[in-house]
Amino acid sequence: MSKFFPTPKTTKINSDVELIAYECQDTLFQLVYLAPGATFALHEHLESQMGMIISGRLEMNVNGTKEIIEPLQQAYIANAYVPHGSVNIFPETAIVFDIKRIVTSLPSEKTDEVFLKVSPKKDEITGFSCQSIVASWFEIVITEIPPRGIIPMQQSASEQMGIILNGQLMMSVEDEHQELEYGSIYYAPPDVFYGGYNSSDEAVSLVEILIPPRSHLSYQKASFNEITARSLTAS
């Protein structure tokens, strides 16, 4: 079994709800399929959870706050022991990805909203246009990889997971390589080299989840470098 390309485990909650789970060390990545009329009852757990709609629509309830979430437009956050659930009141199946993880300490003092919207940006390494959400303990980046587009081999100080939504994308993590298609993910632990290549003639949508956000690590690194510089120049 590959640590970098985990094998999914499928669980049927009931006739209307199906889970496909990937274990990524201390993080659980899930794809959730909710048929029209399906209800995921309010529940809570030790892990903090975030999620985003991939297709369809869904009414999400987080601690009594309800919102209709649209595909790739916003994320919801339910921290530890916060009740949350959902209902599919629409005629099409809703597909959601969610992340569960025990968050013992937050890398910033930022207090998250329950629902966060995506913002446009540009990837600093590839130059590709993308959309992102940055929260206290995670970051979501949605990127269109153009035909023949390359994600250069790189290291991230964050734990990182990725799933493609269409087509195929060749991903490399350390010395392992796999052509991803929808329904499979890659996992890159901190400081491990990873990269990718779109060999097809169509753009590929890639959704990446980083824990913690790169911006927080960049701030911490800058602070460390400033402290180091001061210590080296101190008389």
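**A tour from Arg57 to the cysteines**

Begin by selecting Arg57, which counts as partly exposed at 27% relative accessibility; here buried stands for under 20% relative accessible area, exposed for over 50% and partly exposed for what lies in between, with a 1.4 Å probe and protein chains only. The model is predicted, so local features need pLDDT of at least 70 and side-chain atom pairs count only at pLDDT 80 or more, while totals for chains, interfaces and linings use all residues. Residues are numbered from 1 along each chain as its sequence is written, and side-chain values use heavy atoms, with hydrogens and water left out.

Now add Glu92 to the selection, a residue that is likewise partly exposed, at 28% relative accessibility. The side chains of Arg57 and Glu92 meet in a salt bridge, with 3.4 Å from N to O (a side-chain nitrogen of Lys or Arg within 4 Å of a carboxyl oxygen of Asp or Glu). Arg57 sits in the loop between E5 and E6, and Glu92 in the loop between E9 and strand E10 (94-101), so the pair ties together parts that are 35 residues apart in sequence. Strands (E, at least two residues) and helices (H or I, at least four) are DSSP runs numbered from the N terminus.

Searching the whole structure gives 6 salt bridges, and two others among them deserve a stop. Select Arg101 and Glu159, whose side chains form a salt bridge at 2.4 Å, N to O. This pair links distant parts of the chain, since Arg101 belongs to strand E10 and Glu159 to strand E16 (residues 159-164), 58 residues apart. Arg101 is buried, with a relative accessible area of 18%, and Glu159 is buried too, at 6%.

Move next to Lys121 and Glu139, where the side chains meet in a salt bridge of 3.7 Å, N to O. Here the linked parts are strand E12 (residues 119-122), which holds Lys121, and strand E14 (residues 139-145), which holds Glu139, 18 residues apart. At 34% relative accessibility Lys121 counts as partly exposed, whereas Glu139, at 2%, counts as buried.

For the backbone, display the open sheet of 4 strands, which has the order E4-E9-E6-E7 with antiparallel pairing; two strands pair if DSSP finds at least two bridges between them. E4 and strand E7 (65-69) stand at the edges, each with a single partner strand, and therefore one side of each has no neighbour in the sheet. From one strand to the next the twist averages 20°, where axes are lines fitted to C-alpha atoms and angles between N-to-C directions run from 0 to 180 degrees. Within this sheet, select strand E6 (residues 58-62) and strand E9 (residues 84-87), which run antiparallel and are joined by 4 bridges, then find Asn61, which stands opposite Gly85 in E9.

Switch to a surface view and pick Leu46, Tyr81 and Ile102, which make a nonpolar patch of about 310 Å². Patch residues have over 30% relative accessible area and no salt bridge, with like charges joined within 9 Å and nonpolar side chains (Val, Leu, Ile, Met, Phe, Trp, Tyr) within 5 Å; the areas come from the Shrake-Rupley method with a 1.4 Å probe, and for residues only the protein chains shown count as cover. Leu46 lies in the loop between strand E4 (39-43) and strand E5 (48-55), and counts as partly exposed at 43% relative accessibility.

Finish with the cysteines Cys24, buried at 0% relative accessibility, and Cys130, buried at 6%. With a disulfide taken as a pair of cysteine sulfur atoms within 2.5 Å, the count comes to 0 disulfides.
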